[in-house]
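Student: Please take me through this structure and give the criterion behind each label.

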Amino acid sequence: MKEKSVKIYLKECISKLEVWKYKNLIKLHNKIKLRQVKKIYNFLLRIFININYSMKVFKGNIEIEKLKEGSLLCIIPINIDKIKDSNQNKFINYLYKKCVNNIEKSVRKYNVKFVILSKKVKELEDIKNICICNNIKILDGKYLLKVMIINVLEHILNARNEKLETQNIHIVINQNSEINIDLIEYLSGKVKSVNIVTKKLRNFREIREILI
């Protein structure tokens, strides 16, 4: 991937399962029939997941997954709310700096030229500075959203051991721009149903026929 420009979606960790690579251990849970055995297995699995997450936080490791179309999904394991409130906490600041260093190493390794930042990550000035120093263009999301949204959803659902085609997706939206309409139509062909939550229902009457 070094030879071409790469797009990256940088987001915070919502669930510890997002940085858990051993998905087969979760799938094994569904195969266990004996209730008592499953209870013990779940207890041990939670311990392993917590240890794995704690190690990633301590090392400042970021979870990187290669997606389609030369894109990367990058997950920051540290709680961003704690980072913003960590002015007096030297240990959290230390872990955060390690994480920032690993992000900078990754964007150079993969020759990242375009990045989408999640709403919370946008609030971190150190991340923005990495983009500025490495001539990385911060996109507002609409250019890569259609390409990456299915991959991001699949990543989250795999962590939950769920299938994309069985999902009911709710989209909170008010603008019926071309990119938004295209995105809704695209999603409608991938999931069980797409529900639009909006204050401007008139703007989406034409697309209603597609979703029914």
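The questions below set values against definitions.

Tutor: This is a predicted model, in which local features need pLDDT of at least 70, side-chain atom pairs count only at pLDDT 80 or more, and totals for chains, interfaces and linings use all residues. Residues are numbered from 1 along each chain as its sequence is written, and side-chain values use heavy atoms, with hydrogens and water left out.

Student: What makes Cys99 buried and Cys133 exposed?

Tutor: Buried means under 20% relative accessible area and exposed over 50%, with partly exposed in between (1.4 Å probe, protein chains only). Cys99 has 1% relative accessibility, so Cys99 counts as buried. Cys133 has 60%, so Cys133 counts as exposed. Of the 212 residues of the chain, 39% count as buried.

Student: Why is Cys99 not bonded to the closest cysteine sulfur?

Tutor: A disulfide is a pair of cysteine sulfur atoms within 2.5 Å. The closest cysteine sulfur to that of Cys99 is in Cys74, at 7.7 Å, which is too far for a bond. For Cys133 the closest is in Cys131, at 9.4 Å, and that is also too far. The count of disulfides is zero.

Student: What places Lys98 over the face of Phe58?

Tutor: The rule asks for NZ of Lys or CZ of Arg within 6 Å of the ring centre and within 35 degrees of the ring normal. Lys98 lies at 5.1 Å from the ring centre of Phe58 and is over its face.

Student: Which residues touch the most other members of the largest nonpolar core?

Tutor: A nonpolar core is a set of buried Ala, Val, Leu, Ile, Met, Phe, Trp, Tyr and Cys residues joined through side-chain atoms within 4.5 Å. The largest such core has 37 residues, and Leu10, Ile103, Val112, Val115, Val121 and Ile127 touch the most other members. Elements giving two or more residues to this core include strand E1 (6–12), helix H2 (35–59) and helix H4 (90–109). H4 supplies the largest share, six residues. Apart from this core lies another, of 14 residues, including Ile169 and Leu183.

Student: How do you know what counts as a helix or a strand?

Tutor: Both are DSSP runs numbered from the N terminus: helices are H or I with at least four residues, strands are E with at least two. The chain has eight helices and seven strands.

Student: What does Val121 touch, beyond residues up to four places away in sequence?

Tutor: Contact means heavy atoms within 4.5 Å. Val121 touches Leu10, Lys11, Glu12, Ile76, Ile80 and Ile127.
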